[in-house]
Amino acid sequence: MSGPGRSLSSAQLVRLVAGREISTRIRDKGFLVGSAVLIVLVLGMLVFQIAVNSGSDDTEIGVVGVSTEVSTALRSQGDALGADVRVTGYADERAARAAVEDGDVDGALLDPAGDRPQLLVENDGGSVETLVQGALHELSVSRQLADAGVQLAGPPAVDVVALDPDADADLEAAVVALVGVVVLYGLLILFGQFVAQGVVEEKSSRVVELLLATMRPWHLLAGKIIGLGLLGLAQMLVIAAIGVAGALGFDVVDLPGRLVGTVVTVIAWFVLGYAFYASVFAAAASLVSRQEDLGSVITPVSLLLVVGFVVSVQAAQDPTGTLATATSFVLLRAGALAAGHAGAPGRGCGGLVGGGRRRRPHAGHDRGDRAGRRPGLLRRPAAHRREGEAARGPDRRARLTPSPVGGTWSRRRGPRGWTATWTSGCTSCRAPRTSAAATWAPCCATAGTWRAPWSSSCSASCRATTSRPGTSARCATTASRDRPGERVLPHHERSSRTDEGAGGPVWIRSPDPNRAPAYTWRRPVSGPR
Amino acid sequence: MLEFDGLVKAYGGNRVLDGVGFAVAPGQVFGFCGANGAGKTTTMRIAMGLARADAGEVRWSGRPLDGTTRRRIGYMPEERGLYPKMRVGEQLTWFARLHGLDAAAAARAADVWTERLGLAERRGDRVEKLSLGNQQRVQLAAALVSEPDVLILDEPFSGLDPVGVDSLAEALLDQARRGVPVVFSSHQLDLVERLCDAVGILARGRIVASGTVGELRAHATGRQLRVVAPDAPAGWAAAVPGVRVVSEQRGDTVLELGPGADDQQVLTAALGTGRVTHFAWREPTLVELFRGAVTDTSAGVAA
């Protein structure tokens, strides 16, 4: 046959169909609005997270006649109780009273060093009362001991054995996975519908007669699914990029490594889930030839997705449970489930998650370190477990490099308990933040494994549990840095101790209450096993 | 040569096509007529591979049509098929590309055809925004835009205004001049008569009459002569041998001349009555031929 056209290969036909799907859909108002709504939803979820988590649980205490000693005591007591204490000095009782009434501070402590200290609160002492009581009690005891000439030695460090060090990390993983499942589910439904609508549109407008005169039905189906799939993938990537950037930018997530891993997994499963569901939707849609009838065939397929979604949400809460394991073999909810798995540590999908296991510090750990001179008194069990693990691997620990990035650990009380967050830069003196992700340090002797600055464990195969990065801060104001074996003045009163973990060297505070707080380096009391 | 050969198609017990066969030469415009439900659309759908014939085949250049050769056919389905939300220009370009044109040639062809069919200003509009007549033009442009080797058009003229009919007819004749065989079905028999080199009349699942319009006329039974003689008395023609009076009304007489009857004898008789203002053979229109063929129960009329 003569003519200007050449004959097209299957790939060219599929590409043409896919190109049309993309170019028409991308200019469709409905699609644009839907995408915008989806992005707004993701951002909204972020903002919601921030709003929920940022409820500052700093305890503000005003002190009249403040001394470093008192504020240090208050802070370490706060550390022990799991509250960030901020101490503000006031000149006299009137100013302090006004501050309490205005709600600037939670309580005002009058005459802390005297015989009858007084605590002003708005209506109820509550936790402030406990905190102040404890701090003054401790101050008093150490003063009396010092007066009696007793020299305090560092209290023994407690060895703790962790039975389930991952338990805490599972929660956040589950949350990240859940968000992934929601996005995955939404996009699968959306693009499944697009495919179904496209098929019916062609049937109802009879354009399929023109098309089938030039190509085979599978060209048309493949082109449609691939075209819309690429569009869905692009949309997924945009949402993922926004979500990840937002989560990192706003410090919503403590585990960037695992977050990225989960996102990658969700995207990978979108591809598989979409290929499956799009085909099912297309097959269902081909049974009818009018838009009006579409609902009746689409509903069963959508229900299938919903069932998968519900099961996935269940599974995300218990990714190692029988339900998750059993259903993960059923492709019907493949996509949705996988996200749940991705979030779960140490499961089959771990390979996609970049091996991120136990990167997050335990909440209690931080507190234990800051309250280094009184280990074990009020620490949460998690802290003990972490340090215990460190103690079991002395030779590994010896090679550990402390985090080169300055920063502090802070805790926040979330809806489901305490979470710890690494903040680069110094939170106390508000020095400018440095890039948290900037430097990675070699973690252990195992070749090729690296430890992120925020990481408290080896991310790779050796599973070495490291001591968490020290709180040594490169403070912009004083630039002093703690080093083991030296006696240094902290650059400010807070968080300038390094703790390499129980069994390792610890910083202890000078017992002399009359001297300015100083920290000396001590050999560990209990040797490594 | 595009040949339809012995097509048989039955839906259940209903035998829609029962051995339909005709041939269209390159450059020929073939008008495909038939009553509603006669099987015109089914025949065309079989040619396009959208329906499977129970027997028979459609050949182009002696070879049965397959996917590759079908891509060189411009097709216009009876139920119009366009993407309602796609813009006219893009849609035409896309269809041209499906038929194997590269992107630049496709865009050029889309421009040319929108221009020729009077759609130049609607190129950027979505198809659903156009009037039915304009959608029809886009549909036709979609069939023509790939510069096909064969054109198969199902009811291309339905719903067009006279100007649209003219531009479409001109476009079809252009294609035929290019050497493209054009098959189209239509109920507008005057159009078919005007445009077509050959006509096929489909009834009861088979072609009951086919050939040029002239051939069909020649085979039509009886020839009619119209004579207007205002002063003639009633019954003036009855005496002429071999003549049957079909109608007579105030001097306007229609006569049917049997074999061997002499028209000059009729003229002489008419002049004998006085003034003659009109004397002419009356050619049967295609409509009359069509009625005759479709209502004729004997299937042996085909040329």
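Start by selecting helix α5 of chain B: 11 of its 13 residues are buried, so the rest of the structure largely encloses this helix. Keep in mind as you look around that this is a predicted model.

To find the helix, pick residues 132-144 of chain B. Try a quick ruler check here: the 13 residues, at 1.5 Å a residue, should span 18 Å, and the end C-alpha atoms are indeed 18 Å apart, which agrees.

Next, show the side chains of α5(B). Those that are buried include B:G133, B:N134, B:Q136 and B:R137, and further along you meet B:V138, B:Q139 and B:L140, also buried. B:A141, B:A142, B:A143 and B:L144 are buried too.

What do the buried residues of α5(B) pack against? Within chain B, select β6 (73-76), α3 (88-98), α4 (103-116), β7 (150-154) and α6 (162-177). Then add α7 (207-212) of chain A, which also packs against them.

Now move to a sheet in chain B. Its 4 strands form an open sheet in the order β12-β13-β11-β14, with antiparallel pairing. At the edges, each pairing on one side only, are β12 (243-249) and β14 (278-282). Neighbouring strands here are turned by 20 degrees against each other on average, direction ignored.

Zoom in on β12(B) and β13(B), residues 252-257 for the latter: this antiparallel pair is joined over 6 bridges. One spot to label is B:D252 in β13(B), the bridge partner of B:Q249.

Finally, zoom out to all of chain B. You will find 10 helices and 14 strands, and 49% of the 303 residues count as buried. Switch on the surface: chain B exposes about 13300 Å², with carbon and sulfur atoms supplying 49% of it.

Definitions and conventions
Residues numbered from 1 in each chain as written. Chains lettered and ligands numbered in written order. Predicted model: local features only at pLDDT ≥ 70, side-chain atom pairs only at ≥ 80, totals over all residues. Heavy atoms only, no water. Helix = DSSP H or I, 4+ residues; strand = E, 2+ residues; numbered from the N terminus. Buried < 20%, exposed > 50% of the residue type's maximum accessible area, 1.4 Å probe, protein only. Areas by Shrake-Rupley, 256 points an atom, 1.4 Å probe, with all protein chains shown as cover. Expected span 1.5 Å × (residues − 1). Contact = heavy atoms within 4.5 Å. Pairing = 2+ DSSP bridges. Axes fitted to C-alpha atoms, helices over the stretch in contact; angles between N-to-C directions.
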